[in-house]
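Q: Could you take a close look at one part of this model for me? I'd like to hear about its salt bridges, in plain words.

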Amino acid sequence: MVIEILKSILYGILEGITEWLPVSSTGHLILLEEFLPLNVAPSLGTTFAEEYFSMFEVVIQLGAILAVVVMFFGKLNPFSPKKDKTQKKSTWILWGKVVIASIPAAIIGVVLDKIIEIATGKDIDGWIYNWQVVSAALIVYGILFIIIEHIHKGKDARVNDVEDISFTHAALIGCFQAISIVPGTSRSGSTILGSRLIGIGRGAAAEFSFFMGIPAMAGASLIKGYGFIDYVMESDVSVPASAWIILGIACAVAFGVSMVAIKFLMEFVKKHSFAPFGIYRIALGALVILYFVLR
């Protein structure tokens, strides 16, 4: 149990860092799972382990989501008594943009996923969740980050404040978020890359990406959580208390680390481009390829 708790802390740290930085949490989790797989209930067999981890790696995002809510509560709260009518209206409009930006990912992640599963017997993850896709996405997106930052070097962004992002911008960024269903692209990486392509400044791009993460990650956690509960009920499996404790610890750690990671990114983008993240992604993609080829 102690060993599994230590593993869950490491998973939480990794989630808290990589969820908000444009480096792909999936790519990191794949490597960590290879070296330190969770083993919360070995007596329940391989199927339970697979179902549990599939749920675990998504639901720990709830801790990361809570960090965004806490850090930006003032800006995101339309009921704040400190805001006048104009400011409250502006907050509701911001939420409207977040909702608009969330629609493409919802369509791809729920509707199209179900259609593919019915037609082929496997969902989208079943077709594309493998190290080949992850490594390719890491490298391709890394190259794109470097190219786009080079193109925009020395140029003034058209939008530098998150409130100035239009509904059209939000819809376009949402389309990029939908692409992040491909493992290795990174949700934050996709949204930030899309934002930079349409002329949005680094700070506003990162902040809007954080806000978009709230419904996206909450929805994904709800779906995965429901799927796991459905599996448990159908298979009549008794989930040990230790499994829930480990999940709770991972969420708590992801929350604390996310607070630090978000502050770091917001400070980083004030003075630096996203190009270093592109270089890191290329290196990680190469590492994933090297590891699995040699194995």
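A: Let's start with the words we need: a residue is called buried when its relative accessible area is under 20%, exposed when it is over 50%, and partly exposed in between. Keep in mind that this is a predicted model.

Searching the whole structure turns up six salt bridges. Let's begin with the one where the side chains of Glu34 and Arg295 meet, at 2.6 Å from N to O. Glu34 sits in helix 2 (residues 25-35) and Arg295 in the segment after helix 13, so this pair ties together parts that are 261 residues apart in sequence. How open is each partner? Glu34 has a relative accessible area of 30%, so we call Glu34 partly exposed. Arg295 comes out at 60%, which means Arg295 is exposed.

Now for Glu149, which has a salt bridge with Arg196, where the closest N and O atoms are 3.3 Å apart. Arg196 belongs to helix 10 (residues 187-197) and Glu149 to helix 8, so the pair ties together parts 47 residues apart in sequence. Here the cut-offs give another picture: Arg196 has a relative accessible area of 6%, so Arg196 is buried. Glu149 is buried too, because its value is 5%.

Glu149 also forms a salt bridge with Arg202, and there the closest N and O atoms are 3.0 Å apart. This is again a link between distant parts of the chain, with Arg202 in helix 11 (residues 202-235), Glu149 in helix 8, and their positions 53 residues apart. Arg202 has a relative accessible area of 23%, so Arg202 falls in the partly exposed class. Put these together, and salt bridges with shared partners join Glu149, Arg196 and Arg202 into one network.

While we're at helix 8, look at how it packs. Two packed helices are described by the angle between their axes and the distance between the axes. Helix 8 (residues 131-152) packs with helix 13 (residues 275-294) at about 160°, and their axes are 7 Å apart. That angle is why helix 8 counts as roughly antiparallel to helix 13. Their crossing is left-handed.

So helix 8 comes up twice in this tour: Glu149 of helix 8 pairs with Arg196 of helix 10, and helix 8 packs with helix 13. The segment after helix 13, for its part, holds Arg295, the partner of Glu34.

Note on methods: Residues numbered from 1 in each chain as written. Predicted model: local features only at pLDDT ≥ 70, side-chain atom pairs only at ≥ 80, totals over all residues. Heavy atoms only, no water. Axes fitted to C-alpha atoms, helices over the stretch in contact; angles between N-to-C directions. Helix = DSSP H or I, 4+ residues; strand = E, 2+ residues; numbered from the N terminus. Parallel < 35°, antiparallel > 145°, perpendicular 65-115°, else oblique. Left-handed = near helix turned anticlockwise from the far one by under 90°. Salt bridge = Lys/Arg side-chain N within 4 Å of Asp/Glu carboxyl O. Buried < 20%, exposed > 50% of the residue type's maximum accessible area, 1.4 Å probe, protein only.
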